[in-house]
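Happy to walk through this one with you. Have a look at the model first, and then we can take it piece by piece.

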Amino acid sequence: MGQSPAPDFAAALGAHGLGRLRRAAPTTLQVNVGKRCNQACQHCHVDAGPNRTEVMTDSVAERIVTLLEGHPSIEMLDVTGGAPELAPCFRMLVSRARRLGRRVIDRCNLTVLLEPGHEDLTTTAVVIAHPVASVLALLLLRARTAGKIGTMAATVFEPVSEQGKRGMDELHQQTVNLLSFTALPKEVFDEQVAFNMLGRFGESSSISLKNIENRIASHFEAIAGKSLPVPSLMLVQAPTFHAHTFSIYIQFEGEIDASALGKALSGDHVTILDPAEDGPSNVSAAGQGNVLVSVRPDARNAGGFWIWAAADNLKIAAMSAVECAATLSTMRPLGKVQ
Ligand code: SF4
């Protein structure tokens, strides 16, 4: 069958009521300064992550500044990545573009601003706290009202849903394959997660438990401020789909009563479970808006307590996001798109 000739482009434009296409002077220059990022989002279309090394060199960044100098029509420099702030040329590029009077868009993921070394980059934007930081801050700030805390340590068991659908699919497929004695998919974790507990992922994984721990610590600091130091923290990857579980040890400086601690922990967003009931678990926490908590005194140390808690990671993150949006909406002027 013969192919019909392609329609004339100008005629097709005319048929749609459009005139001739003319090239106008460029007004925006978008540059990608590197693929390194403090996050490793499953949806990332450039597959950015902490292990990526591609970065714009200083000489290329200098050429961009020269290009801006020579093209006054370019009003806007649009900087993207990865997390652009992690590229060594970022600050130079932004400050030189600003000095030339150009507007700058920084396609910032916001969480990078909480990473050490970026204290000089400030923003009025809001970052949704990591759900582990929210739960730890909620419980420990309340525990502090029961008595003076000496030491605090928390081991947190991370569900694969923290890595989105890809994480859940990988655990599911690893489980199926293990039971049928076939090779395991390892694209996300680069390790066996099914029927296993991990303190770190394989070298080829773009996710790092250490980086997540650091993010939790910096979010905890942002919430608790000077009221409470960050607890000693260890994040463990568990072979579970949903909900974080927490084993928290608190050593009070004096002796306190378990019921006094239970009373201090009670309140909005927390359900204290009676020791006679089933304890908190991933399964019982799934779909709950509250953190499920049980408390027991340490068998040997007076003033020492173990808190076992479980919280739906997705629900806590979603609730924090909704509360932030509600607060922000009251701060914005009405009748104007921002
Ligand atoms: S924050 Fe943005 S650049 Fe970084 S991994 Fe996620 S989507 Fe990619």
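What follows is a set of questions and answers on this predicted model.

Q: In what order do the three strands of the open sheet lie?
A: The sheet is open, and its pairing is parallel. Its edge strands are S1 (28–32) and S3 (103–106), each of which pairs on one side only. The twist averages 20° from one strand to the next. The order is therefore read with S1 and S3 at the edges, and it is S1-S2-S3.

Q: Which residue in S2 is the bridge partner of leucine 29?
A: S1 and S2 (residues 76–80) run parallel and are joined by five bridges. In S2, the partner of leucine 29 is leucine 77.

Q: At about what angle to S3 does helix H3 run?
A: Helix H3 covers residues 90–99 and lies across S2 and S3. Angles over 145 degrees count as roughly antiparallel, so H3 is roughly antiparallel to S3. The angle is about 155°.

Q: How do the residues of the shell around the ligand divide into nonpolar, polar and charged?
A: The ligand is surrounded by residues including Cys37, Cys41 and Cys44, along with Ala40, Ala48 and Ala83. Gln39, Gly49, Gly81, Gly82 and Asn109 also surround the ligand. Glycine counts as polar here, so the three glycines join Gln39 and Asn109 in that class. The shell divides into six nonpolar, five polar and no charged.

Q: Are helices H4 and H7 parallel, antiparallel, perpendicular or oblique to each other?
A: H4 (residues 131–143) and H7 (residues 258–265) pack with their axes 8 Å apart, at an angle of about 130°. Angles over 145 degrees would count as roughly antiparallel, and 65 to 115 as roughly perpendicular. An angle of about 130° falls in neither class, so the two helices are oblique.

Q: How many charged residues are there in the contact of H4 with H7?
A: On the H4 side, Leu139, Arg142 and Ala143 meet Leu261, Ala264 and Leu265 of H7. Leucine and alanine count as nonpolar and arginine as charged, so the charged residue is Arg142. The division is five nonpolar, no polar and, for charged residues, one.

Q: In which sense do S4 and S6 pair, parallel or antiparallel?
A: Strand S4 (residues 149–158) is joined by six bridges to S5 (residues 232–237), and those two run parallel. Alanine 153 stands opposite serine 232 in S5. With S6 (residues 244–252), S4 has eight bridges, and threonine 155 has serine 247 as its partner there. The sense of the S4 and S6 pairing is antiparallel.

Notes: Residues numbered from 1 in each chain as written. Predicted model: local features only at pLDDT ≥ 70, side-chain atom pairs only at ≥ 80, totals over all residues. Axes fitted to C-alpha atoms, helices over the stretch in contact; angles between N-to-C directions. Helix = DSSP H or I, 4+ residues; strand = E, 2+ residues; numbered from the N terminus. Parallel < 35°, antiparallel > 145°, perpendicular 65-115°, else oblique. Contact = placed C-beta atoms within 7 Å. Near = placed C-beta within 6 Å.
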